[in-house]
Structure formats: C-alpha cells, structure tokens
Amino acid sequence: MKKSFLFIFLLCCNTAFATVTATLDRNPIAFGETVNLTITSDESSGDMPDFSALNKSFTVLATSNSTQITMLNGQQTQELSWTLSLLPNQQGILTIPAFKVGNEMTAPLTLTVQVAGKASNNSKNAPVFMETSLDPKTAYVGAAVNYTMRLYYSVNGLSGQVTPPAMDKLAFNQIGKDNNYQIRRDGKIYGVLERHYLFFPQQSGSLKIPGATFDGMMPLSNTQASLQAQLLAMGGGQTLHLVAPDLTLQVNPLPGEASFAAKAVNLSDSWSSAPQNVPVGQPVTRTITMRVTGLNANQIPALNSAISAPINVYPSQAQFDTQTNSNDIVGTRTDSIAYIPQQSGHFTLPALQLKWLNTKTGTIQTTNLPAVNFVATGAATVTTPTNVAPAASIVPTAQTAATNTSTHRNNIWLWIAIIIAIIWVITLFLWWRSHRKPNAPQPRNVSPQDRRAAVELACQKNSPKDLQTAILNWARDKWPESEIHNLHDIIAQTVAPTFAAELQSLTAVLYKKQMQNYNGITFWKAFLEQEKYQPETAKEDKDSLPPLYPES
C-alpha cells in the first residue's frame, strides 16, 4: 500500500513540475509583417495543441514541430516545441490566448502591431529591394549610431551578400544576429533579411552615409517566394547589384564638460584589503570598473588618480572588454592602481568624477566614486629615553679628568699597535696572492657598453626582473657617488621625465607580479631619451656662476 502511494505521489510530482512556455521572436512588429510564436514543453510526449483560437486575429501561414533530446549526468530529458508563423489581420494590441499542452497551460501574450511604413519609391513591383535607417537621426561625436539594413525579396532561390557602407576612418560593425521574417507590401508577401550595424562618428557636422550594397543572383524564373525562402549559396541567374539610398546624419559636438556621450554609465571600485589599515611601505590595490552602455571599451577615458598625500601611486595597464547584443554595445574598462604609503597618518583620497552626456535625455550627468579615508600605520618613531640626564649636567671632577687623560694616552698607543699589525697582515696577504698565481688573468671591468647591452637585452626579452637587475647595475656605474639600492633611488637622480615614468611603471609591475604581458619596447625608448637628456637646471647653474672677482 505504501509503495503504491509513493508511486502515485511521484507521478503527480512529475506532472506538476512539467513546464510549458510561449514566446514571440519579435515584439512589436509593423502591420503586414510576420511573427513566429513558439510553444515549448518539457513533457516526454504530447499531442499538438489546438491553435484554432488564433484564427480570430491572425492568419497561420505555417506550422512546424521539433523534438530535442538531452542527456546530462546519465539522465535523459526531452523537449517538444511547436513554431507557428503568424500574419496579423489588424493593427493595435492583439492577444495571443493561452494554450493547453498536456495538463498545463501557457501564459497569454500580447503583441503590438504598429502602422506599416510606406514602401520605397523604387520598390513597387520590384522582386528585390533594400531599405536603411539610422537611430538616432541626430547624434553626438563618439556616440554609437545604429544603422539598420533590410533586404526585401519575393523570389525563390535568391543568393548573394550584403556589404555595409564603406567610409574612410569610420567602421561599421555588425551587432547581434540576422533577423529573418516576412511582410506584406502592396498585396505581396516579401521575405526580409534584417541586419544591424554600429558606428561611431568622430567629427561634428553633417555626415553623409552612403547606402549599403547587395550583390547576388536572382533566378530567371521570377515566381512568388515561398514562405521559407532564405538566402542560399551563389547560383546561376540574373546578376543583381543594389545600392540603398544615402542617409544624412547630423553630428553635434560634445559639450565642453562631457568626456563622452552614452546611454548609461556605472562606476564601481573594490580594494584588495581595507584602505583604513595599510602598513607603511606595503601596497594595497584599488580596482576601478567603468561600465558604459553605448560606447566601445577603448573609448572610455581614464580617471584622474593623482593625489597630494605622501602615497606613491602606480597605475597598471587598463583592461578593456566590449560586448554587443541585438541592438546595443556595452564597453567595460578596468583600472588597477597600487597605493604605497610612505609615512603613517590619516589621508583622504579625493572623490573620482566622470562627467558624460546622456544621449537619452540630452543632459550632462556626473557619476562619481566618493572620497576614501586612507589610514597608513606602522611607521618607525624616534623616542627620547626619560632616565638619561642631559649631557650638559655632567661636570667631571679633577680626579676624573686626570684619569681620563691617562686612559686616552694609553688608548692612542694601543690603536697605533693595532693599525701596524693590520698593515703587516695586509702586506703579507698581498705578497702571498701575487706569488700564488703569477700568470692568473686579472678580472675585466664591465664597460658602459656592456651595461647598456644588458639593458637592451632585457627589454627585448620583455623580462621585468632581468630589466630591474640590468638597470640597477647601469645606474650604479652612472652615479657612483650615490647609493643606488632600488628603482626609486634612480628616480631620485636627475633623469628624463619619460624615463622616470617608465621606472615607476616597472616598479608597479614588479609589485603586482604581472610580468607576462610586460612590453620592454617603451622602456628602451625612454632609456634612449635618458642617454640624450641634459637637465636644464645644470645649464642654468653653469651660466649663473658668480665671477671670480666680484665687483665691489
């Protein structure tokens, strides 16, 4: 009895959790265009639903069904689907009723059918023609513009290819997949190939956009196209060369305060550790992410990360990512910045602001990250012992002074004896060394040319570690009077600005241990500039030397 109850319960659960869905491939559509309705069920079997209720508002042009079987982790699932090509009988908001599939019902849908556009002047009775449009019709410099191309055809077996407009210094990039549907024009049904492109105008003024082109073959028999007609491979027939009409786009300049124009901007940041507790001399990394809708990632400008606090800032190379969907583009720029405090204290990193033009509203907006409270801890401090009396308060007595004088004389003779002994030992060692290997070659001094060659080789290998070693050796030979222990000591010398910037970038790479993408070419160029660099201050000091005998 219990087993039978369990079996019935599981059977009910399987039935209860069966799902059915109804979806439309396009919404809204223009009157005269077709739309595809798809009914999907995850039941293992089922009869075709009754679609007769659609005849009230639609003409059902075609119906197809398919079955998809999936095997995952040893379990088999099956999905049934029915696809109907519908042609609306009227304009307005039409309701697609619910359909019963097995024991489940689909949700009702609404479809908006808009007023149909007028056919092109050159498209009347033409078996193949093209239409294009711009969105928006007025744009801003650098903002994305959607160029839509539609190819209409009423013949079977049409083949060929579409080419977007060709313009100097302006690229048209396809976004999304092609849309294929049908439309009724002047009592005739056309198949439609719809394709979207994005481009970014770079200059203000009136911009003439040449039309897209279609080159292909049309069968000699110009018969009515079937409802499933698609663009096929090239074949024999009548050669076609179609050019869509030119379009004009008005491009406005960006307002002075705006960095770029876009639809939406999102600005966020994260820290590798809390900025409120950073040990002095230790790096903490801040990652700033800018996500912009309607802009390529490489068009997103960098934020100003300069600060006035005693904190060294090392920005790394930005990362760019651009994604597209059916009608838009989203760019993401990611910047990582290393902060290394040089002294303890409480500091404030200023707020980061990004002013941009909202293309939806036509207004300038400001997106910002708030100021950050930065606390550096752990710096060494100098303390004065409280149990030691000041040196001025110690007054020696006469006996103490005499004793100190006698001890001082004895110490002098002791140090003289020690120095003589050391000199004798050194002389003995040098004599032994000269007689141990009289023909041993003397070590060769490393020439400046060798140091320079080592730097060049490290740049060619794109190896930050090898470059650090080579540049430190070169710097120690160039400034022998200075103590060169790290790259910061080189920056402290009088060096070319570009060379100093590359040294900071190299330091940041070594700190972050991101060495696989390092490019040593830019460092080598900066090194060559450093070799030619002559500080202006040195020239000024030379020219401003006072005369040997100044006039009184």
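I began with the pair of helices H3 and H4 (helices being DSSP runs of H or I with at least four residues, numbered from the N terminus), and I noted that Arg451, Ala454, Val455, Ala458, Cys459 and Lys461 in H3 meet Asp466, Leu467, Ala470, Ile471, Asn473, Trp474 and Asp477 in H4, where contact means heavy atoms within 4.5 Å. I sorted the residues of this contact into eight nonpolar, one polar and four charged, counting Ala, Val, Leu, Ile, Met, Phe, Trp, Tyr, Cys and Pro as nonpolar, Asp, Glu, Lys and Arg as charged, and the others, Gly among them, as polar.

I kept in mind that this is a predicted model, in which local features need pLDDT of at least 70 and side-chain atom pairs count only at pLDDT 80 or more, while totals for chains, interfaces and linings use all residues. Residues are numbered from 1 along each chain as its sequence is written, and side-chain values use heavy atoms, with hydrogens and water left out.

Next I looked up the axes (lines fitted to C-alpha atoms, for helices over the stretch in contact, with angles from 0 to 180 degrees between N-to-C directions): those of H3 (residues 448–461) and H4 (residues 464–478) come within 8 Å and cross at roughly 160°. That makes H3 roughly antiparallel to H4, a term for angles over 145 degrees.

Then I turned to Phe199, which, leaving aside residues up to four places away in sequence, touches residues including Leu134, Tyr147, Phe172, Ile209 and Leu249.

Phe199 is also among the members that touch the most others in the largest nonpolar core, which has 30 residues; such a core is a set of buried Ala, Val, Leu, Ile, Met, Phe, Trp, Tyr and Cys residues joined through side-chain atoms within 4.5 Å, buried meaning under 20% relative accessible area with a 1.4 Å probe and protein chains only. Strand S12 gives the most to this core, with five residues, a strand being a DSSP run of E with at least two residues.

Definitions and conventions. Buried < 20%, exposed > 50% of the residue type's maximum accessible area, 1.4 Å probe, protein only. Parallel < 35°, antiparallel > 145°, perpendicular 65-115°, else oblique.
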